[in-house]
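Visitor: I'm new to this structure, so please pick one part and give me a close look at it. A salt bridge and what lies around it would suit me well.

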Amino acid sequence: MDSEIGIKTGEIAQRWKGTPGMLTGALQEIQETFGYLPEEGIRTLASELDIPLSRIFSVATFYSFFRLTPPGLHHIQVCEGTACHVLGADQLSAKLFRDLKIGDEGVSEDRLFSIDRVRCLGCCSMAPVVRIDDRTYGRVRQKNVAGILKPYLKEGDGEN
Ligand code: FES
C-alpha cells in the first residue's frame, strides 16, 4: 500500500476509525478524493478498519451514489427525484444514455461522459434537472439535450 491510493485511503481510514458511521463516511471521503472507489482503496479500508471486504462491497453497491469505476471526463447527474420524475426524468436519462451510447457501466466508450441517476439535486423548482460537472441545467426537455451536450462534445472541456 505504498501507492497514492493506498496511502491516502489509509489516512482516510485512520480519520474515520471508531467513529459512528465510519464505513459510509470513509467511503464517501474516498470517492470525493478519487472520483470513485478504487479497488485498492476498498482493500486498504477493509484491512485498516478490520471490516470484511464483502461487507464493504455490499455497502458500496447498495447506495447508488457510490461508483466502482472511474467517472468520464464530464460527469452527468440526472435527477430522478420526485419532482423531476413526474416531469419526465426517466425519458431524459434514457435519451442521454442512448445519445451518448452509454451502457450499464455508466461510462461512454471514449470515457468523455459518465452518467449517474441521482435523487434530488436540491433545486426542484427547476425540474427536471441535469447537472454536468459543476453546472446545473433546469427545465431540461429532450429537445434541449443536444444543445446542452454540444459544448462538451466539441471541446471536451465544457468551456465553450
Ligand atoms: S427532485 Fe430533482 S431537483 Fe429535486
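**A bridge across the chain**

Guide: Let's start with Arg117, which forms a salt bridge with Glu80, their closest N and O atoms being 3.2 Å apart. This bridge links distant parts of the chain: Arg117 is in strand β2 (residues 113-118), whereas Glu80 is in the loop between β1 (74-79) and α5 (82-86), and the two are 37 residues apart. A salt bridge here is a side-chain nitrogen of Lys or Arg within 4 Å of a carboxyl oxygen of Asp or Glu. Helices (H or I, at least four residues) and strands (E, at least two) are DSSP runs, numbered from the N terminus.

Before we go on, you should know that this is a predicted model, where local features need pLDDT of at least 70 and side-chain atom pairs count only at pLDDT 80 or more, while totals for chains, interfaces and linings use all residues. Residues are numbered from 1 along each chain as its sequence is written, and side-chain values use heavy atoms, with hydrogens and water left out.

The two partners sit in unlike surroundings: Glu80 counts as buried, at 12% relative accessibility, and Arg117 counts as partly exposed, at 43%. (Buried means under 20% relative accessible area, exposed over 50% and partly exposed in between, with a 1.4 Å probe and protein chains only.)

Strand β2 turns up again at the largest pocket, where it gives the most to the lining, with 3 residues. That pocket holds about 280 Å³ of space. It has 14 lining residues, and the closest to its centre are Asp104, Glu105, Gly106, Ile115 and Asp116. By class, the lining has 5 nonpolar, 4 polar and 5 charged residues. (Ala, Val, Leu, Ile, Met, Phe, Trp, Tyr, Cys and Pro are nonpolar, Asp, Glu, Lys and Arg charged, and the others, Gly among them, polar.) On a 1 Å grid over the protein atoms alone, a pocket is an open set of points with protein on both sides within 12 Å along at least five of seven lines, a cavity is a set where a 1.4 Å probe fits but cannot get out, and lining residues have an atom within 4 Å of a point. Points join across faces, edges and corners, and the volume is the space filled by probe spheres set on them.

There is 1 cavity of 30 Å³ or more, with about 40 Å³ of space. Its lining is made of Leu96, Val130, Ile132, Val140, Val145, Ile148 and Leu149. Two elements, β3 (130-132) and α7 (145-155), each give two or more residues to that lining, and α7 gives the most, with 3. The lining counts 7 nonpolar residues, with no polar and no charged ones.

Back to the bridges: the structure holds 6 of them, and two others make a nice contrast with ours. In one, the side chains of Arg43 and Glu39 meet at 2.9 Å, N to O. Both belong to helix α3 (residues 39-49) and are 4 residues apart, so about one helical turn separates them. Arg43 is partly exposed, with a relative accessible area of 43%, and Glu39 is partly exposed too, with 48%.

Lys8 and Glu4 also meet in a salt bridge, again given as 2.9 Å, N to O. They lie in helix α1 (residues 4-16), 4 residues apart, about one turn of the helix. Lys8 counts as partly exposed, at 32% relative accessibility.
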